[in-house]
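Here is a protein model to explore together, one question at a time. Take a moment to look at it first.

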Number of protein chains: 2
Amino acid sequence: MSLSQVLNVCPRSAIAGLGIAAASSGTTSTAAARRSVGRISTLLLSSTLSSQDTTRRNMSTSPCAYKQCITLDNINPAIKLMEYAVRGPLVIRAAAIEKELEQGAKKPFKEVIRANIGDCHAMGQEPITFLRQVLGLVSYPPLFEDKSIPEDAKKRARDILSGCKGHSVGSYTDSNGIEIIRKHVAQYIQDRDGGVPSDPNNIILSAGASGGIKVLMSLLRCPIDGKTPGVMIPIPQYPLYSATIAEFEMAQVGYYLDEANKWGLDIAELERSLNEAKKTCAPRILVVINPGNPTGQVLSRDNIENIIKFAHKEKLVLFADEVYQDNVYEQGSKFHSFKKVMMEMGAPYNQMELCSFMSCSKGYMGECGIRGGYAEVVNMCPDVKAMLLKCISAQLCPTTIGQACMDVVVNPPKPGEPSYEQFMKEKNAVLASLKVRAEMVASTFNSIEGFSCNPVQGAMYCFPQIRLPEKAIEAAKKAGQAPDVFYAFQLLEQTGICIVPGSGFGQRPGTYHFRTTILPQPAKLKEMLDMFRAFHEKFLKQYK
Amino acid sequence: MSLSQVLNVCPRSAIAGLGIAAASSGTTSTAAARRSVGRISTLLLSSTLSSQDTTRRNMSTSPCAYKQCITLDNINPAIKLMEYAVRGPLVIRAAAIEKELEQGAKKPFKEVIRANIGDCHAMGQEPITFLRQVLGLVSYPPLFEDKSIPEDAKKRARDILSGCKGHSVGSYTDSNGIEIIRKHVAQYIQDRDGGVPSDPNNIILSAGASGGIKVLMSLLRCPIDGKTPGVMIPIPQYPLYSATIAEFEMAQVGYYLDEANKWGLDIAELERSLNEAKKTCAPRILVVINPGNPTGQVLSRDNIENIIKFAHKEKLVLFADEVYQDNVYEQGSKFHSFKKVMMEMGAPYNQMELCSFMSCSKGYMGECGIRGGYAEVVNMCPDVKAMLLKCISAQLCPTTIGQACMDVVVNPPKPGEPSYEQFMKEKNAVLASLKVRAEMVASTFNSIEGFSCNPVQGAMYCFPQIRLPEKAIEAAKKAGQAPDVFYAFQLLEQTGICIVPGSGFGQRPGTYHFRTTILPQPAKLKEMLDMFRAFHEKFLKQYK
């Protein structure tokens, strides 16, 4: 029995998982992370050992100084494999540099610029006033007496509290969320989709989109004909998917996005990937991220129709990660929800199962820390849905404040209401500024030697390709790092700019990329891009 | 290959899980739940089938009307097994009755009394003013201008915001939580434990206690010598544990609490249970809930010392569920944390691994919906802790408002601060009233024929034993329900009182119990107990 059998993953995914893990961890400068890479390599080696050997290894002495019950050798192997590059070793190093700066260390820069994560408020974006008024009211009801708070905010807060038992956000809610908020979500979806109906009973409120993605993926974790269930994900992908697949011991089935075609989905590539995967696992889920993370593309309606047809033909359950639905910048680009397209295509497509995910963390609101989100689960067999609801009930309920936040996002001030103008002004200002920054980032990168970069049509990221000189690749090898990771560490140490190397998301072998957010405020972003250019020129000179 | 092998659980736990599931679901009056029981019975039957048969069954036609990709036959089998009685069929029926009442249906009662769940605010408990002031401030910072908000609340809010990136609760935090809050938690633990040190790096903030329990249990999900990892839990237990064990396909190892000895832990019973379990699985975790849920006991220091010695001898990792640490009522009872006792016992016990869990949902604050909590992870090998932190990073961070709530709980107003008096008055009023209610519930039940009930020393629940007449047991059999479930449904339909039958928590075969909270406000609680007595007398007459 091989390691992959022990882990109940198809060998392909086990190795792919290790690849990503090794690539993103193999790069750290901290001792702990280096040890963890050692451990992963040991695991990789052990994949050639017999089952008995593996068992014996599990009981071997731990490298830990303590003599404890829990050692690296007897913890959940899936957790050892899992990686999440957005918070990986580069970010750990960035935090350490911040502490060094605080303690007065001298560096060629004054601060760390965290361009590694889509964390809007951390980068200086102001919260939307109306949203925070409602959160303030539900948390601290004496605020209802405050005459400076507009009536429409009070109305929203009153409605939310009326859905809370004992009129308090301190009480548990139904596990799928407060009914009136689920109704508002359904109405929002219906309006967004030009009247295509949405059922509040299909809405599950969750802690960010991640909570919903995780529970729905867990539901589909069942061997089919003795084969490991497979999840098709884009490469490059948002690493929540690879991490969750690893944690659930499912099989990761990557399909490459078409970089030459603005990171679109190529149906022939979906077919190639699926056929390859079918040899070793049973693909069940097709994940599409639109607008794309980390790639920033916005899919055309045509592309979406073809994806739906493909999923139907292959009996795949569609997971549409649509958390960036408000973040569309490029002239001519438009967000089309999978739900709307599927429903408008008519039978048999309008009967397909679809899970669509949304969040309070992105868009114009950027309320990441509040942890609000929802999943819309379309055409799911009622008996299965009952199991899903049972499964989330043990975690009691998503946070009420996150639910309240989602409520405001789906039920914002309407024309004629007192807060409408200010709300629209704030919302539009954020989105307009993001549009400017999206263009600034892409055009700057395209003007740097060795960079090529698709337009940032939507979302909050840019994922340029960089050509690295041979000597830099050799230097990376010597340092025991993947070349893109080597590059990112050099950038961090010399400029304080923290990006995520492409290997954290996946990329075609032999190509190198990185993800940066477009979130630093305009002046800071300009400064960052100037430093980036100067660094790159120096880097090229050094390794020419 | 048997079902238990397919599910990767030891046969004992698979059957135990099914037992609990069947007992608590087999009782419902809703069609959906009845179908689910049918499904569970089918699964039970299939445990005698060969692997090939099982695989074939997985692909068989679903009973669902749709022809969908996802059917009851191809979802995660662990989710099918999982049950969570606190939100089970009785609660679903209670919600339906509430809707019927709203629509004007005539019943022998005016309202449903939800005594099934420890949901304080839902039962009319008022939030603590100081706590909500801080939550209001961090959510809606213009409140800092409000002169009616005391300075100490502003100080707390300022400290929390200083720990948030961009000074906004809308930004992501470190995955283990905001550093300054972890420091406050460590200080709180240290003060609580008479100076025994606590390290902020051992604190993981989580979404309620449940979030922490789940992730730590997941970490230990690793076969040992080819055996399924086992988790020892009290019977009766809080069903989060059985549900999580089922979800993670670990083995449930129940040990009976000693009802004759105020629900204390009997070391001989721990040994019996462990030795029995070792035949089929590898026990790794010992869960102790103190004060007890659903049993309301508060463990003596002596008892805790013996449990620690047992865990050390058997190399078990201690999970101390201490969410009710503020809820101790009985004269002479005192909360002793496992951490303090373990540390004071000296070597080798003070080097043992311990995970202790706390929550904002219970105590005097009862902020269930806010989802704040923490785990303190003591003596964990640093390499393993690094894996734990990596594993939580993909879920980004616990809700900031939940973290802020935890901060207030561990860092309340101090003597001399402007809010101190009001805070103490509110806190003491809640705890004093709970103490009165704890006594009222236990003494009333003990005065009812056929009831016997241990004192409610702590927590928020009472778990009386009821002797049911033979004829009632026969009637239950005819109705296809477990006797305690039959009783609970009769109570609900005739009085509107919603309790949870003992089978949802586990009980010695042939005994019948139920759990009720002590949370209805005093007048309502008296009314409830009067109705309960009248119902029981009628029930006895009917089935004599």
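The questions below look at how two domains touch and how two chains are related in this predicted model.

Q: How many residues of domain 2 of chain A are in contact with domain 1 of chain A?
A: Let's first find the two parts: domain 1 of chain A covers 3-122 + 429-543, and domain 2 covers 184-399. Contact means heavy atoms within 4.5 Å. On the domain 1 side 43 residues are in contact, and they meet domain 2 residues numbering 49.

Q: What area is buried between domain 1 and domain 2 of chain A?
A: The size of an interface is often given as the accessible area lost when the parts come together. Carbon and sulfur atoms give 54% of the area buried between these two domains of chain A, and the total is about 3,900 Å².

Q: Which element gives the most to the side of domain 1 of chain A that touches domain 2 of chain A?
A: Between the two domains of chain A there are 17 residue pairs in polar contact. On the domain 1 side, α2 (11-25), α17 (420-446) and β10 (461-462) of chain A each supply at least two residues. With five residues, the element that gives the most is α17(A).

Q: What kind of axis relates chain A and chain B?
A: Chain B is superposed on chain A by a rotation of 180° with 0.0 Å of shift along the axis, and the RMSD is 0.0 Å. The two copies are therefore related as by a two-fold rotation axis.

Q: Which residue of chain B has the C-alpha nearest the axis?
A: In chain B, look for the C-alpha that lies 2.4 Å from the axis. This nearest C-alpha belongs to B:G136.

Note on methods. Residues are numbered from 1 along each chain as its sequence is written. Chains are lettered from A and ligands numbered from 1 in the order in which they are written. This is a predicted model: local features need pLDDT of at least 70, side-chain atom pairs count only at pLDDT 80 or more; totals for chains, interfaces and linings use all residues. Side-chain values use heavy atoms; hydrogens and water are left out. Domain bounds come from an automatic or database domain assignment. Buried area is the accessible area (1.4 Å probe) that two parts lose on being put together, summed over both. A polar contact is a pair of N or O atoms within 3.5 Å; within protein, one must be able to donate a hydrogen and the other to accept it, and residues adjacent in sequence count only if both atoms are side-chain atoms. Helices (H or I, at least four residues) and strands (E, at least two) are DSSP runs, numbered from the N terminus. Copies are superposed by least squares on the C-alpha atoms of residues with pLDDT of at least 70 in both.
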